[in-house]
Amino acid sequence: MSALLETLNNTNDEEFYNTIFDIIDEDSFYNWTIWYLIAGSSAQGSLHNVRMYFDPSVGKFKMVAWDLSISNWYFYPDKYGQVDPYMF
């Protein structure tokens with residue numbers, strides 16, 4: 001946890017990009033990202049609904065999909081616009 005906090009709070013952009021996947025499992029991170037993009041979820045903010053657990057078998061944190069609510073664009077695309085453009 002201390003290595004994660006140190007990386008998040010005290011590294012420049014280059015150091016961050018070069019070290020973050022030494023701490024967080026890369027596949028787990030991208031799987032989590034894909035889930036919330038497909039759901040169009042806005043529930044994963046910087047202050048809530050981000051869940052991780054430390055997997056000692058790989059020595060890294062893994063992301064946990066949590067509170068992936070389907071956004072309003074799914075139910076009302078004419079009102080809220082198209083799907084997230086980064087999804088496709």
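# Asking why, from Asp55 outwards

Me: What makes the link between the side chain of Asp55 and the side chain of Lys62 a polar contact?

Reply: The two side chains lie 3.2 Å apart in this contact. A polar contact is a pair of N or O atoms within 3.5 Å (within protein, one must be able to donate a hydrogen and the other to accept it, and residues adjacent in sequence count only through side-chain atoms on both sides). The 3.2 Å is within that limit, so the name fits. Asp55 has another polar contact too, of 2.6 Å, between its side chain and that of Ser57.

Me: Before I go on, what am I looking at, and how are residues counted?

Reply: This is a predicted model, where local features need pLDDT of at least 70 and side-chain atom pairs count only at pLDDT 80 or more, while totals for chains, interfaces and linings use all residues. Residues are numbered from 1 along each chain as its sequence is written, and side-chain values use heavy atoms, leaving out hydrogens and water.

Me: Why is the pair of Asp55 and Lys62 called a salt bridge as well?

Reply: The closest N and O atoms of the pair are 3.2 Å apart. A salt bridge needs a side-chain nitrogen of Lys or Arg within 4 Å of a carboxyl oxygen of Asp or Glu, so this pair passes. The search of the whole structure finds 1 salt bridge. As a general point, side chains of opposite charge can pair when their charged atoms come close.

Me: Is Asp55 buried or exposed, and how do you know?

Reply: Buried means under 20% relative accessible area, exposed over 50%, and partly exposed in between (1.4 Å probe, protein chains only). Asp55 has 11%, so Asp55 is buried. Of the 88 residues in the protein chain, 24% count as buried.

Me: Where does Asp55 sit in the secondary structure?

Reply: Asp55 is in strand β1. Helices (H or I, at least four residues) and strands (E, at least two) are DSSP runs, numbered from the N terminus. The chain has 5 helices and 2 strands, in the order α-α-α-β-β-α-α from the N terminus on.

Me: How do you know that β1 and β2 pair?

Reply: Strand β1 (residues 51-55) and β2 share 5 bridges in the antiparallel sense. Two strands pair if DSSP finds at least two bridges between them, so 5 is enough. Across the pair, Asp55 stands opposite Lys60 and Phe54 opposite Phe61. The two strands form a hairpin with 4 residues between them, and Gly59 in the turn has a positive phi of about 70°.

Me: Which side chains of β2 point to which face?

Reply: Side chains alternate along β2 (residues 60-64): Phe61 and Met63 point to one face and are buried, whereas Lys60, Lys62 and Val64 point to the other and are not.

Me: What makes Val58 partly exposed?

Reply: Val58, in the loop between β1 and β2, has a relative accessible area of 42%. That value falls between the two cut-offs, so Val58 is partly exposed. Its C-alpha atom is 9.8 Å from that of Ile23, 35 residues apart along the chain.

Me: Why does Asp22 count as exposed?

Reply: Asp22 has 52% relative accessibility, which is over 50%, so it counts as exposed. Asp22 lies in helix α2 (residues 13-23), with its C-alpha 8.8 Å from that of Gly59, 37 residues apart in sequence.

Me: And Thr33: buried or exposed?

Reply: Thr33, in helix α3 (residues 26-39), has 14%, so Thr33 is buried. A polar atom of its side chain lies 2.9 Å from the backbone oxygen of Phe29.

Me: What makes the pair of Phe16 and Tyr17 edge-to-face?

Reply: The whole structure holds 6 aromatic pairs. In this one, the ring centres are 5.5 Å apart and the planes stand at 80°. Rings of Phe, Tyr and Trp (its six-membered ring) pair if their centres lie within 6.5 Å; planes under 30 degrees apart count as stacked, over 60 as edge-to-face and the rest as tilted. Both values fit, so the pair is edge-to-face. Phe16 is partly exposed at 23%, while Tyr17 is exposed at 61%. Elsewhere, Phe21, Phe29, Tyr30 and Trp32 form one aromatic cluster.
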